[in-house]
Structure formats: structure tokens, C-alpha cells
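Me: I would like a close look at one part of this model, the side of one chain that touches its neighbour, and then a walk from there into the same chain. Please keep it plain.

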4 protein chains.
Amino acid sequence: MNFISDNQAGAHPAVLAAISDAAIGLAEGYGEDALTAAAESAVRDVFGTDCAVFFVTTGTAANALALSALCPPWGAIYCHEGAHIQNDENTAVELFTGGARMVGIAGDGGKPDVALMRSHMEIATVHGVHNAKPGAISLSNVSESGTVYCPEEVAAYRQLADEFRLNLHMDGARFANAVVASGVCPADLTWRAGVDCLSFGLTKNGGIATEAVVMFNHALAQDFAYRRKRAGHLWSKQRFLAAQWLALLENDLWLDNARHANSMAAELAVGFTAHDAIQLPWPTDANEIFPVIPEALREQLRAAGLVFYDWPQAPDMTRFVTHFGTAPAEIAHALQAIAATQ
Amino acid sequence: MNFISDNQAGAHPAVLAAISDAAIGLAEGYGEDALTAAAESAVRDVFGTDCAVFFVTTGTAANALALSALCPPWGAIYCHEGAHIQNDENTAVELFTGGARMVGIAGDGGKPDVALMRSHMEIATVHGVHNAKPGAISLSNVSESGTVYCPEEVAAYRQLADEFRLNLHMDGARFANAVVASGVCPADLTWRAGVDCLSFGLTKNGGIATEAVVMFNHALAQDFAYRRKRAGHLWSKQRFLAAQWLALLENDLWLDNARHANSMAAELAVGFTAHDAIQLPWPTDANEIFPVIPEALREQLRAAGLVFYDWPQAPDMTRFVTHFGTAPAEIAHALQAIAATQ
Amino acid sequence: MNFISDNQAGAHPAVLAAISDAAIGLAEGYGEDALTAAAESAVRDVFGTDCAVFFVTTGTAANALALSALCPPWGAIYCHEGAHIQNDENTAVELFTGGARMVGIAGDGGKPDVALMRSHMEIATVHGVHNAKPGAISLSNVSESGTVYCPEEVAAYRQLADEFRLNLHMDGARFANAVVASGVCPADLTWRAGVDCLSFGLTKNGGIATEAVVMFNHALAQDFAYRRKRAGHLWSKQRFLAAQWLALLENDLWLDNARHANSMAAELAVGFTAHDAIQLPWPTDANEIFPVIPEALREQLRAAGLVFYDWPQAPDMTRFVTHFGTAPAEIAHALQAIAATQ
Amino acid sequence: MNFISDNQAGAHPAVLAAISDAAIGLAEGYGEDALTAAAESAVRDVFGTDCAVFFVTTGTAANALALSALCPPWGAIYCHEGAHIQNDENTAVELFTGGARMVGIAGDGGKPDVALMRSHMEIATVHGVHNAKPGAISLSNVSESGTVYCPEEVAAYRQLADEFRLNLHMDGARFANAVVASGVCPADLTWRAGVDCLSFGLTKNGGIATEAVVMFNHALAQDFAYRRKRAGHLWSKQRFLAAQWLALLENDLWLDNARHANSMAAELAVGFTAHDAIQLPWPTDANEIFPVIPEALREQLRAAGLVFYDWPQAPDMTRFVTHFGTAPAEIAHALQAIAATQ
């Protein structure tokens with residue numbers, strides 16, 4: 001009953017099979033192969049538009065390379081104060097942007113407050129060259145608090161971006177879970193809501209290193225291939241990245257995996273909600289639950305075999321994550337353990 | 001009969017099996033897993049010393065990250081004018097070093113001339129802050145011309161490095177082939193000859209993304225984990241990098257693969273040597289051959305099904321590369337085709 | 001009665017005379033001249049220790065270059081949330097450090113809270129490579145709120161720096177005012193209190209471009225001359241920077257200038273304190289006053305000829321700055337104007 | 001009789017007077033003052049076009065900041081192999097561009113060979129993301145060999161720039177000397193010949209720190225003020241930079257100074273030409289002479305009081321530089337000394 005992280009899961013059998021199949025015979029190197037072309041096309045089909053697709057290795061690479069195209073070296077990038085790019089990816093953004101500034105914005109449920117963000121932009125704009133120039137907004141969908149943005153929420157940031165002539169980035173490390181949770185199509189959640197660029201991650205969804213930068217704004221995609229190459233993120237045997245994408249996108253396996261993870265989390269959340277001593281500070285939109293559990297109770301749960309993070313955001317907060325491989329029996333056992341502490 | 005590049009080969013079955021095995025169950029993320037520890041240990045066993053080992057994804061990442069630890073942002077990196085880091089990895093070195101300068105040095109057979117290198121260092125040293133400060137030497141073993149350095153040759157650069165207080169890097173994208181070709185042990189070819197840091201690559205040797213930075217000089221390894229992380233080269237599911245290493249190092253499979261590739265090349269080289277109209281400008285030490293073939297003859301060979309690069313270094317020069325998967329029958333057919341043009 | 005900023009003042013006659021004197025005859029370029037040697041020596045005399053001295057052009061250059069030597073590219077720099085390096089120098093720190101992260105810490109009177117700073121460092125340390133590594137602390141003395149640190153206060157940050165193995169920087173854009181205000185010698189306020197590096201600025205004190213990086217920690221000074229050169233901050237006619245230093249340090253002119261500015265501010269502060277409707281949120285330690293003045297009253301003062309900034313830190317806050325050239329008559333007129341609004 | 005460098009000269013009296021005048025009274029900081037506006041306008045008048053003008057402190061800053069706007073981080077900058085930006089400005093270009101690559105091109109008389117430059121661009125273009133992308137051409141006028149480009153020569157590089165969609169930079173550290181020598185107006189030598197951006201330097205011409213980036217291509221000027229600020233090259237008391245410009249441009253003092261320096265060099269060159277044992281490898285277009293003088297003769301000249309550089313470009317080559325302050329009597333004495341060795 002390990003609920004530490006969806007990146008502790010292994011890989012989906014379909015992904016492994018695709019990698020093995022891709023290993024047969026020779027193929028052009030450095031992304032000039034047929035599998036890469038097919039996988040890029042498959043991603044375009046997901047979004048129903050002619051976006052530019054660049055496969056990379058990690059979410060950190062996807063985010064930082066994407067933002068380097070969206071924000072100048074003297075620019076400010078506005079994100080939630082708890083965002084992964086701000087707290088968990090070292091100074092990757094600074095490295096790849098050439099020194100842009102991260103500005104963390106407070107906000108409920110992992111979503112940066114729009115009015116507060118605007119006030120930061122106004123101050124910076126007035127201050128001219130003396131301050132970092134507003135450059136980009138980055139949203140995580142699913143957010144670091146496990147909540148999901150609907151298209152209307154995304155559009156509010158787009159309006160702000162238009163007002164200050166910024167670019168809008170979405171960190172979609174758990175994009176599949178957001179699509180399933182929001183019930184809208186990938187296009188509505190991204191480019192139709194004004195997203196310029198998506199970091200699209202399927203590593204947590206059954207891949208082994210399955211990330212892509214998806215550029216809806218073609219002007220921003222110019223020379224992006226150079227950015228990827230000089231960062232060491234263009235594989236010589238790129239077909240092994242492409243194969244993972246083809247396996248997960250085929251027959252919407254990525255959405256099935258996410259649907260499973262989300263439903264496992266929903267079931268588990270019921271157990272927390274039912275418990276008198278446990279609070280859920282916000283809804284469980286996707287595959288992450290952040291119950292506030294008193295210390296003594298946490299110890300009981302751990303003694304019963306539940307494995308989970310203490311989450312530093314608030315006192316007694318914890319995090320439970322489900323994934324494509326979470327077994328219904330694990331959830332059942334966890335629910336029993338929780339109920340037993342009542 | 002495709003001899004374009006060893007990075008067009010797929011992956012060795014043992015690597016694929018190891019990846020599939022690694023996919024089972026949960027594991028700690030970001031390199032905290034048992035497979036990573038075991039693979040790092042296995043690399044240390046190869047060199048018989050307590051080196052620091054960092055798995056990364058591509059040769060470009062290995063080289064540029066390694067050099068960022070060996071050379072300051074205002075430093076000069078001396079390498080052969082035809083080196084891969086100079087000509088084929090965009091400006092990765094400049095990105096990760098924060099702006100160091102590449103200095104290409106001429107030299108026979110892909111090896112930079114020691115005296116010429118020294119004169120560059122002397123001029124730069126005299127010029128003080130006005131010029132890039134001598135910072136590092138980088139050798140490729142196997143070189144970009146397919147030749148192999150013996151320990152004594154490496155030691156000559158080490159002497160230069162000591163004289164100017166530089167660090168010595170080895171680009172070992174085909175290190176396995178160099179070990180087999182030189183007939184000395186990995187330790188003798190690296191740290192015992194004065195190498196501070198090796199980019200150890202097995203991607204061309206049967207892996208899918210199987211590169212490592214091996215730091216023999218522990219002072220240079222300090223904070224290297226931060227460098228890797230901020231470059232987006234720390235995988236969340238790092239076990240899938242480690243598994244490849246364990247598969248290839250086990251029972252010296254990496255050396256068997258290299259021995260096979262080298263012997264295939266040696267056989268093919270015999271055919272070129274025997275041909276009156278074809279010249280080999282230097283010995284075929286490892287798995288790359290650079291025959292000089294007149295244009296009409298190149299067309300005949302291509303018509304006969306041989307696939308190979310025209311190599312820009314000299315008129316009529318070509319490159320043929322063999323690999324772990326090159327079949328003896330391919331060589332036999334190629335030799336027949338070559339002989340038929342006599 | 002212009003109290004906008006001490007950088008709106010011109011230059012002291014002694015500085016102008018020194019520049020004119022320096023213009024006669026030939027001199028070695030790029031800092032190899034006799035005036036530069038003399039000025040570096042004069043700075044060392046100020047601190048009574050064998051520090052390394054590097055003249056540069058602007059405070060931004062001094063701060064960002066200094067911090068680039070004190071903090072690695074993947075490091076975090078802790079400063080007050082209102083610090084000049086954080087709010088008024090664009091992304092200079094990020095540029096010269098190669099991407100380090102600024103962490104603004106709240107605190108009263110322009111001084112970052114020590115306990116809060118420690119908690120940030122602890123979280124970052126626990127998070128390892130995933131977060132920016134604690135790298136340096138930067139204090140402004142005089143602070144951005146016009147307050148002055150005494151040696152004991154500085155030492156508290158030094159203790160923190162030792163605990164986390166960081167370097168300690170002091171932004172001394174108004175260092176002269178701090179020395180006069182604190183009544184201790186420059187050595188006690190810097191290296192004896194644990195400061196590794198001081199940005200020592202006299203531009204606001206009567207110079208035209210009179211800044212220096214003073215490295216008390218010699219290990220950090222290594223290769224700093226390369227940093228300055230590649231940033232374009234080594235003048236060919238460096239004697240014109242040195243001449244300004246010699247003029248201002250001779251016979252402690254720099255301290256006289258600061259003493260004058262501080263006393264003018266003290267006199268003006270009396271007028272604010274005496275006014276029923278005006279609050280001073282913290283003591284006026286040096287040459288900057290931050291009175292909180294209701295809007296209607298601000299308009300009256302402006303109508304009476306007083307020129308000053310509205311300060312964004314708090315509602316109705318303003319800033320008044322005096323300098324070496326502030327005339328006693330100006331203060332007298334300002335006091336009359338203030339009293340007239342009572 | 002010191003002919004080491006024009007940066008060893010002091011400053012012109014008109015410059016000193018202007019600085020002293022500018023010191024009186026208060027002025028807006030950070031370039032918002034009236035003198036800066038007037039000086040920018042005066043520079044625009046020189047070129048007869050609405051260019052964007054940015055004053056900076058050193059030639060290195062001007063060149064590296066300019067090139068950062070003209071070439072992306074993954075780009076290649078083509079210049080003569082002896083260019084100042086390549087050999088004498090450390091890695092400033094790499095720092096400010098974020099890692100662009102310098103490519104030195106051979107060529108007679110300090111001018112890079114056009115055909116050779118094209119071949120480098122062609123190879124890089126074919127190699128795609130694997131190589132640095134052709135980004136900018138940089139010419140020095142006056143060149144590092146003291147020769148001067150005429151507009152037709154500049155236009156040939158412009159044609160190449162158009163063909164590969166590059167930007168064209170001119171390093172005008174001695175631009176005044178080039179204007180006088182070529183006999184054409186500043187506009188014809190720059191934007192009318194296709195130059196996008198000029199580093200316009202008057203430091204060697206009688207200033208103390210008198211450099212400007214002049215952007216003829218307005219698209220490239222976008223956000224340049226941010227580049228300057230974050231590099232620490234925006235002075236708080238910017239009027240002291242502007243004053244120098246106004247003094248030197250008024251009544252064409254800059255051209256008078258250059259005319260004097262050029263004519264002094266021309267007179268001195270006659271003495272070298274007349275000497276049987278001394279060769280001049282190329283014409284003395286401006287204020288620099290590069291005589292090839294046998295060692296014994298060099299010693300005689302030095303014994304006679306002549307001070308000059310040995311120039312590393314060729315055996316026995318030397319460099320003599322004249323400037324605005326070179327006295328006719330110095331030339332007369334030098335000519336006598338040279339003749340005496342015949």
C-alpha cells in the first residue's frame with residue numbers, strides 16, 4: 001500500500017513491448033526515424049491541431065526548455081508558489097532560460113491568485129528595466145495540490161497574458177489525469193483556452209521517460225530543436241522515446257491509465273472523508289489526495305502498512321498518490337486500515 | 001549492409017530484458033533505488049577504484065556536463081579540431097559551462113598535436129584575463145577518426161595538463177571499442193594515465209540511452225548531482241538507466257559487443273586495403289573505417305547495396321561503422337561487393 | 001529641495017579634480033597603471049587587511065559579480081525581500097551567477113529575519129538536488145529601509161552562514177553612511193564580523209562611477225579578474241576609476257561626505273517626528289527617511305517644493321534621501337514647509 | 001615616444017570640461033536625464049537616421065552586448081581569426097549571448113575571407129541542429145591589422161548575411177579613424193552598407209569610457225535596455241557618459257582627433273617604408289602600423305626610446321599606434337631614430 005508517488009510505478013507492459021519491438025533492425029538516428037514521425041503525428045491527433053512536438057527525457061527538461069522559448073533571460077515567470085518548477089526542479093529554469101526570474105504567487109488549492117499575479121506584473125512593468133520584465137505564466141494541470149483547472153480558469157490567465165503580452169505555459173506532468181478529471185478534450189484544455197505550450201508527460205502514466213514539449217504557438221517553436229540538442233536532450237536512438245508515446249496513445253491507453261488512477265484516488269478519498277479526525281482541504285480532482293491527519297493517527301496508518309508523504313505545505317498535511325498500477329485490493333486494504341482507526 | 005553509424009543499431013536483447021525486469025514493482029525515484037546503486041557499483045568495479053558515477057541520457061549531456069565541472073566559464077577547452085564536442089554537439093559545452101571557449105587543435109589521425117596545443121596554452125596564459133584561461137583538455141577515445149589512444153599517449157596530455165594546471169577529460173562514446181583495441185584494462189586507459197573524468201557511453205554498444213559521467217577526481221564530482229538535476233538529466237525512474245548498465249556490464253557483455261564490432265571492422269578493412277583504388281589514411285584501430293574511395297567507385301558500391309557516409313574531412317573520404325549487431329554475412333557480402341569492383 | 005535619491009547628486013569637486021589630473025600623460029591600460037595600484041592599496045588601508053580589490057562601474061556590477069563568486073549556479077542567495085539586488089537590478093545576479101536563485105526573506109526594518117532564513121535553508125537542504133542549494137547570504141548595509149546593521153547583527157548571519165557552509169556578502173552601496181552611523185571602524189563592520197565580500201560603493205557619495213568589489217576571503221577572489229573582464233567591466237583607462245577612489249578616500253573625505261548626509265537626514269527627521277500626522281516606522285540611522293505621510297499632506301509638501309518618492313512598501317510611505325551636497329538651507333526650508341502643515 | 005596603444009592616452013580637455021560641467025546640480029538617474037537625451041540625439045545626427053543608441057562603459061561590453069542581440073545562444077558568430085572579440089575580450093561574447101560560438105576565419109590584412117566564411121556557413125547549415133547555427137558576422141573597422149573597409153567591402157558581407165539570414169555587426173573601437181581614412185560619411189560606412197549594429201567607440205579617441213551600441217535595425221534593439229541593465233552597464237549617473245559624447249561630437253572634434261592620429265601614423269609609416277630592412281605587410285590605412293623589423297633593429301629602436309609592441313601574428317612583426325595626443329615632435333624624433341639605424 002505504497003502511495004508515495006506515481007513515479008515509483010514501473011512501466012506499462014504495452015510500453016515495454018513497444019520498446020522491444022523498436023529495437024529490431026536499424027533506424028535513422030537523432031529523430032529522423034519513422035517511429036518518431038509517427039509518434040509526433042499521434043500527439044498532433046490528440047490535440048486536433050498542427051502543433052510542433054519535441055520528445056524529451058524528463059519533466060524538468062520539458063518545463064525548463066519550454067520556458068526558455070517562452071520567456072527572455074531578463075523575464076519573470078509567474079507560477080504558484082508551490083509549483084514544481086519553483087520547488088522541485090533546482091534551477092533548471094534559470095539554466096535554460098539564461099537567467100529568468102521565478103515569481104511564486106500564493107493562491108488557494110495550488111492555483112495562483114489572478115489578482116495578486118496582476119499586481120506583481122503591474123509593479124514590474126512600472127519599474128521598467130530595473131525589474132525582471134513580465135515574460136510568462138506557468139500553470140500546472142493537475143496542480144501541485146492535485147486540483148484540476150477547467151478551460152474557463154485557464155482562460156482567465158490567458159487574458160492576463162494578453163494584457164501584459166506574455167506567453168502561457170502548462171506543466172502537464174499529470175495532464176492525462178487532468179483531461180479525465182475535467183471531462184473536456186485535450187484541445188479545450190490547452191490551445192483553445194489560450195495555452196501556448198504544454199509540457200506533456202506520460203512518464204507517471206506508464207512510460208519510462210515519456211515527456212514532450214508541445215508548442216501550439218508556432219512562432220515559439222522556431223529553433224526549439226536547437227534548444228533541445230544543446231541541452232543534450234536529443235537522443236541518438238530517439239525511436240525508443242517515440243515507441244513509448246505510440247504505445248500509450250494507441251486506443252487511448254493513456255486515458256484509461258489516468259481514469260484508473262483517478263478512480264482509485266476517488267475511492268480512497270471517500271475513506272478519508274468519512275473519518276471524523278481527518279480533513280480534506282480541497283476536492284480530490286485527480287490522482288492525488290492531501291488529507292490532514294493528526295500525528296498519532298498517521299503513526300497508526302503507517303503501522304498498518306500505508307506508505308505516504310508528510311507534505312510540508314501545512315501542519316499534519318500528507319499526500320497519497322495513486323497510479324495506473326494501483327490495485328483495487330490495495331485501496332480496499334487502505335480503506336479498511338483507515339476505518340479501523342475510527 | 002548499412003554501415004552508417006553504430007547509433008542506428010537497435011538494442012541488445014539483454015538490455016531489453018533488463019528493462020522489462022526493472023519495470024516490475026515499485027522503486028524509489030530519482031536514483032535512490034537499488035538498481036542504481038548496484039549499477040554505480042558495477043561501474044566502479046570496471047575501473048577498480050572508488051570513482052563517482054552519474055548516469056545520464058546522451059553523450060552530449062555526458063560530455064557537456066562533465067566539462068562544466070572541469071572548466072570554468074572563462075576557460076578554454078582544448079580538443080581535436082574534428083572532435084565531436086566541437087562539431088556535432090551544437091553549443092552544449094557553452095551552455096553547461098556557462099560560456100567556456102572551445103579551441104580546436106589540428107593533429108594527425110584525429111589526435112590533437114601536443115606541441116601545437118602547448119603553444120595555444122602559452123599564448124593564452126601570457127595574455128591573462130584578456131583571453132580564455134586554459135581550463136581543460138578533452139580527448140576522444142576512440143577518436144573521431146576511429147583511432148585509439150594507448151596509455152602512454154594519454155599520459156602526454158596529462159603532463160601538459162599538469163604543467164598548466166588543467167583537467168583532463170576523455171570522451172568515451174566508444175570507450176568499449178578502445179579498451180578492446182588497446183588491450184589494456186579500463187583503469188590503465190583512464191585514471192592511471194591521468195584522466196580526471198570519463199564520458200562512458202554504451203548507447204552505441206547495445207544500450208538505448210546508456211551514458212555515464214565517471215569522475216575519478218573526487219574534487220570535481222562535488223555538486224555534480226546538482227549539475228545533472230538542473231540540466232533535466234536526472235530521471236524520476238532512474239532504474240531504467242541503471243538496468244541497461246547492469247545488463248551490459250554483466251559478464252563483460254560490453255566488451256564482447258565491442259570485440260565483435262572491432263573484428264567486423266577489421267575484416268572489412270582488409271577488403272579496402274586489398275583494393276588498388278582505395279586508400280586507408282590511418283589504421284583501423286576499432287570499429288570505424290575511413291577509406292578514401294574515388295567517386296565512381298563509391299557509386300558502384302552504393303549500387304551494390306553498401307550504405308555509408310561521405311566524410312567531409314578530406315576529398316573522397318568515406319566512413320564505415322560496424323556494431324554489436326553487424327552480421328558476419330553482411331561483412332562477407334560487403335567484401336564481395338568491394339572485390340567485384342577491382 | 002530635491003530628496004529623490006543620492007544618485008541624482010553630481011560629483012564632488014575633489015573627484016573632478018582627480019579625474020582631470022589623471023588625464024595627463026600616458027598610463028598603462030587595463031588596470032596595470034600606478035593609480036590603480038595606489039587606489040587598491042588605499043582601500044586595503046581602509047579595512048586594515050590584505051583584501052583583494054576590484055574596481056567596477058556600477059553597484060549592480062559589483063553585487064552581481066561578487067555574488068557570482070560566492071554562490072554556485074545551482075545555489076540560492078538569501079536576502080531581504082525588499083533588497084536592491086532582488087528588486088532593482090533586473091536579473092543581473094542570475095546572469096553573472098549562471099542562474100542562481102534569489103530568495104527574498106521578510107523581516108522588520110529592511111533586515112531579513114534570521115529564524116525565517118534558517119527555515120528556508122533547512123527545507124532546501126533536506127530537499128537536496130531538487131531545490132536550489134543554499135549558497136550565500138546578502139545583507140545591505142545601509143539596508144533598503146535606511147537602517148544600519150551593527151557588527152553583532154552581522155555576526156548572527158555569519159553564524160548561519162557557517163552552519164550551512166555559505167558565503168556572506170554585504171551590499172555597501174551606502175557603506176560610508178553605515179560606517180558613520182554605526183560608529184565602528186570598517187573592519188569591524190565587515191571582515192571581523194564575518195563578511196566574505198563587500199560591494200563598496202562611493203558613487204552615491206560624490207563619485208561618478210566609483211564601485212569596488214572587496215574580497216576579504218581570498219579563496220573567493222581567485223579568477224575574479226576573469227569574471228570582471230568577461231563582463232566588460234575592466235576599463236582600458238582604469239586610472240579614471242582609481243582616481244575617484246583616491247580622491248574620496250584621501251583624508252577621509254568619504255566619511256566627511258557621509259557624515260554630512262547623515263546629519264542632514266537627522267535634522268530633517270526631527271521635523272517629521274514633530275509632526276502629529278506623520279509617522280516614522282523605524283529609526284533614521286543614516287541618510288534615508290521613510291515617513292508615512294497622509295495623501296493630502298503629501299500634496300501640500302509637494303506644493304511647497306519638496307520632491308520625494310512615494311515608497312511602495314506600505315500605504316502612504318515616502319522616501320527622503322540626503323547626500324554629500326545637500327545644503328543646510330534646503331533642510332531648513334524643508335523643515336519650515338513641514339511645520340507649516342501642522 | 002610611446003606607441004603602445006591609443007588606450008594609454010589620457011582624455012581630451014574638452015571631455016574633462018564636459019564632465020566637470022555635468023557635475024553641477026541634480027539630474028535624473030539611470031539615463032533619464034537631459035544630457036543623455038541630447039547625446040543620443042547627437043549620435044543619431046552623426047548617422048543621419050533614427051537609430052537606437054545605448055551608452056556603455058567599455059568596448060568589450062559594447063561588442064558582447066551587441067552580439068547578444070544579433071545572435072542566438074546556439075548561433076555561430078563569424079569574424080576574422082585575429083579579431084579583438086575573439087582574442088582579447090575573454091569569453092564576454094559567450095557570457096552575454098548565453099553560449100554562442102565564435103568562428104575565426106582567416107583572411108588577408110585582418111579581413112575575413114568571404115569565400116571561406118561562406119563555406120563554413122554552408123557546412124553548419126547542412127549539419128542542422130548538430131552544429132552551431134550561423135547567427136552573425138562581426139567586422140572590425142578599423143580592423144585588428146589597422147586596415148579599413150570601404151562600403152563596397154562591407155556590402156559583400158551583407159550579401160552573405162542576407163543569403164544565410166544573419167545579422168551584421170561592426171566593431172568600431174576605432175570607427176572615427178575608419179571614417180576619416182575611408183573618406184565616406186558614417187552612414188555610408190554602416191547602415192547604408194548593410195550594418196545592423198555598430199559598436200561605436202570614442203574611448204581611444206579622447207574619452208575616458210565612451211562607448212555606444214548603435215542599433216540601425218530597430219527589431220534588434222527591442223529589450224536591449226534590459227540587456228544593458230542586467231549586465232550592470234546602466235550607470236546611475238549616466239550623464240557622465242553622455243557628457244563625453246557631447247564633447248567629442250561637437251564641431252566634429254572626434255573626426256579632428258582621428259584625422260590627427262591618422263596623419264601622425266602616415267608620417268611615421270613613411271619612415272618605415274624608407275628603411276631597407278623594414279617591411280610593411282599591408283597599407284597603413286588609419287592610426288596603426290605593423291612594420292616587420294628584424295630583432296637587432298628592434299633593439300636599436302628601443303634603445304633610442306621608441307616604445308612599441310611585438311605583435312604575435314608573424315615573426316618580427318611589431319605594432320605602433322598613434323592617437324589624438326601624439327605630438328608631431330614625437331613623430332619627428334621617431335623618424336630620426338629610424339633613419340639613424342639605416
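Reply: In this predicted model, 40 residues of chain B are in contact with 40 residues of chain A. On chain B, the elements that give two or more residues to this side are helix H1 (13–22), helix H3 (59–70), helix H5 (92–97) and helix H11 (224–230). By residue type, the side of chain B that touches chain A divides into 19 nonpolar, 17 polar and 4 charged.

Helix H11 of chain B leads to a backbone detail. Asp223(B) sits in the loop between helix H10 (218–221) and H11 of chain B. Its phi is positive, about 65 degrees, although Asp223(B) is not a glycine. Asp223(B) counts as partly exposed because it has 15 C-beta neighbours inside 10 Å, and a residue is called buried only from 20 such neighbours upward. A positive phi in a residue other than glycine is also found in chain D, where phi of Tyr30(D) is near 55 degrees. Tyr30(D) lies in the loop between helix H1 (13–22) and helix H2 (34–47) of chain D. With 20 C-beta neighbours inside 10 Å, Tyr30(D) counts as buried.

Next comes the interior of chain B, starting with strand E4. All of this strand is covered by the burial count: 8 of the 8 residues of E4(B) are buried. E4(B) has strand E2 (residues 75–80) of chain B as a parallel partner, joined to it by 4 bridges. Within that pairing, Tyr78(B) stands opposite Ile137(B) in E4(B). E4(B) also runs parallel to strand E5 (residues 167–172) of chain B, and 5 bridges join the two. Here Ala136(B) has Asn167(B) in E5(B) as its bridge partner.

After strand E4 (133–140) of chain B the chain enters a loop that leads to helix H7 (151–164), and Val142(B) lies in this loop. Val142(B) is buried, because 28 other C-beta atoms lie within 10 Å. Leaving out residues up to four places away in sequence, Val142(B) touches Val148(B), Arg174(B), Asn177(B), Ala178(B), Asp285(B), Ala286(B) and Glu288(B). Val56(B) is 86 residues from Val142(B) in sequence, and the two are 20 Å apart in space, C-alpha to C-alpha.

The corresponding loops of two other chains show a backbone feature. In chain A, the peptide bond from Asn141(A) to Val142(A) is cis, with omega near 0 degrees. Val142(A) lies in the loop between strand E4 (133–140) and helix H7 (151–164) of chain A. In chain D, the peptide bond from Asn141(D) to Val142(D) is likewise cis, with omega near 0 degrees, and Val142(D) is in the loop between strand E4 (133–140) and helix H7 (151–164) of chain D.

One contact of Val142(B), Glu288(B), leads on to a separate sheet. In strand E10 of chain B, the bridge partner of Glu288(B) is Val321(B). E8(B) pairs with strand E10 (residues 318–321) of chain B in the antiparallel sense over 2 bridges. The sheet is open and has 3 strands, in the order E8-E10-E9 in chain B, with antiparallel pairing. Strand E8 (288–289) and strand E9 (309–310) of chain B are the edges; each has a single partner strand, so one side of each is left without a neighbour in the sheet.

Now the wider setting. The largest nonpolar core has 472 residues, and those with the most contacts inside it are Val214(A), Val214(B), Val214(C) and Val214(D). Taking the copy in chain C, Val214(C) touches Val43(C), Phe47(C), Cys51(C), Val53(C), Cys197(C), Leu198(C) and Phe200(C), not counting residues up to four places away in sequence. In soluble globular proteins, nonpolar side chains tend to be buried together.

Chain B is also related to chain D. A rotation of 180 degrees with 0.0 Å of shift along its axis superposes chain D on chain B, with an RMSD of 0.0 Å. That is the relation of a two-fold axis. Gly99(D) is the residue of chain D that comes closest to the rotation axis, at 2.4 Å for its C-alpha. Of the interface residues of chain D, 100% are also interface residues in chain B, so the copies meet through the same surface.

As for confidence, the model scores ipTM 0.97 and pTM 0.97. Chain A averages a pLDDT of 97, and 100% of its residues score at least 70.

Technical notes: Residues are numbered from 1 along each chain as its sequence is written. Chains are lettered from A and ligands numbered from 1 in the order in which they are written. This is a predicted model: local features need pLDDT of at least 70, side-chain atom pairs count only at pLDDT 80 or more; totals for chains, interfaces and linings use all residues. A nonpolar core is a set of buried Ala, Val, Leu, Ile, Met, Phe, Trp, Tyr and Cys residues joined through C-beta atoms within 7 Å. A residue is buried if 20 or more other C-beta atoms lie within 10 Å of its own, exposed if 12 or fewer, and partly exposed in between; C-beta atoms are placed from the backbone. Two residues are in contact if their C-beta atoms, placed from the backbone, lie within 7 Å. Two strands pair if DSSP finds at least two bridges between them. pLDDT is the predictor's confidence in each residue, from 0 to 100. Ala, Val, Leu, Ile, Met, Phe, Trp, Tyr, Cys and Pro count as nonpolar, Asp, Glu, Lys and Arg as charged, and the others, Gly among them, as polar. Copies are superposed by least squares on the C-alpha atoms of residues with pLDDT of at least 70 in both.
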